[in-house]
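Good morning, and thank you for joining. Today I shall speak about charged pairs and one polar side chain.

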Amino acid sequence: MTPDTAERFIKPPSAARLAAAARAAGRALTDLILPPQCLACDRRVAGDGGLCPECWSALRLIERPYCERLGTPFPYDMGDGAESAEAIADPPPFRRCRAVAAYDDVARRLVHGLKYRDRLELAGRMGVWMARAGAELTGDADLVVPVPMHRRRLWSRRFNQSANLAAAVAASAGKALATAALVRVRPTRQQVGLTAAERDRNVRGAFQVPDDRRLAVAGRSVLLVDDVLTTGATVKAATRALLRAGAAAVDVLVFARVVRGLD
Ligand SMILES: [Zn+2]
């Protein structure tokens with residue numbers, strides 16, 4: 001036996017390995033009591049949760065090729081840095097927008113689970129996916145800011161799902177989170193059921209950077225986070241408020257977006 005193998009033979013397991021074994025045992029125990037479920041359909045899944053294979057394959061991830069500006073998928077590769085006709089005809093106030101997935105069945109169940117079923121553990125997972133889908137944006141961001149709720153709605157709903165997602169994105173990307181950098185200064189109607197023009201009107205002037213936060217925003221590259229993008233009216237209004245306060249640029253990262261003409 002060489003000194004080397006002798007040492008290996010008698011060397012006690014490292015503290016790290018003991019801790020890992022304890023964690024694994026703990027996880028086995030919680031799995032026994034609460035087997036991990038698919039985040040979208042509650043089917044049992046192996047490992048530490050996530051999506052079941054069916055939901056995972058049904059989730060329509062948005063990947064390149066897409067419009068560099070709006071992040072809307074292209075049917076075929078249009079070359080590096082290509083922008084959609086929509087982005088050129090009607091440039092948004094934000095610099096870039098990215099989303100993890102198209103807002104259809106599975107994405108909707110995840111968003112609703114977070115929003116209406118208080119499944120806050122979803123935010124952590126969704127935030128990690130968002131940070132991955134928006135890696136270029138998080139890389140350039142100085143500050144992560146959620147689309148805020150009006151305080152009256154926050155009071156009745158108890159939490160703002162966009163703030164939970166923003167916190168998860170910021171933690172995953174190692175960026176500063178600024179939940180109070182933007183406020184909703186007037187209550188707005190739910191955007192559901194409104195036309196694009198009505199949505200624009202509904203949120204115009206609804207957001208503001210409070211005076212005591214202007215310094216934190218001025219000159220910074222801000223990553224604005226929301227759960228879902230439909231027409232973009234909300235994130236555009238929020239972007240304008242951040243730019244008015246002197247933000248150098250605003251990028252938008254959402255979990256899901258409505259994608260037309262992809263079906
Ligand atoms: Zn599932």
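Arginine 213 has a relative accessible area of 35%, so it is partly exposed, that is, between the 20% under which a residue is buried and the 50% over which it is exposed (1.4 Å probe, protein chains only). Its partner in a salt bridge is aspartate 212, with the closest N and O atoms 4.0 Å apart; the term means a side-chain nitrogen of Lys or Arg within 4 Å of a carboxyl oxygen of Asp or Glu. Aspartate 212 is exposed, at 62%.

The model is predicted: local features need pLDDT of at least 70 and side-chain atom pairs pLDDT 80 or more, while totals for chains, interfaces and linings use all residues. Residues are numbered from 1 along each chain as its sequence is written, and side-chain values use heavy atoms, without hydrogens and water.

How many salt bridges does a search of the whole structure find? The search finds 11. In one of them, glutamate 68 meets arginine 64 at 3.1 Å, N to O. Glutamate 68 also forms a salt bridge with arginine 98, the closest N and O atoms being 3.1 Å apart. Arginine 98 is buried, at 2%, whereas arginine 64 is partly exposed, at 45%.

I turn to asparagine 160. Its relative accessibility is 9%, so asparagine 160 counts as buried. A polar atom of its side chain lies 3.1 Å from the backbone oxygen of valine 147, and one lies 3.0 Å from the backbone nitrogen of serine 162.

Terms used
Polar contact = N/O pair within 3.5 Å; in protein donor to acceptor, adjacent residues only side chain to side chain.
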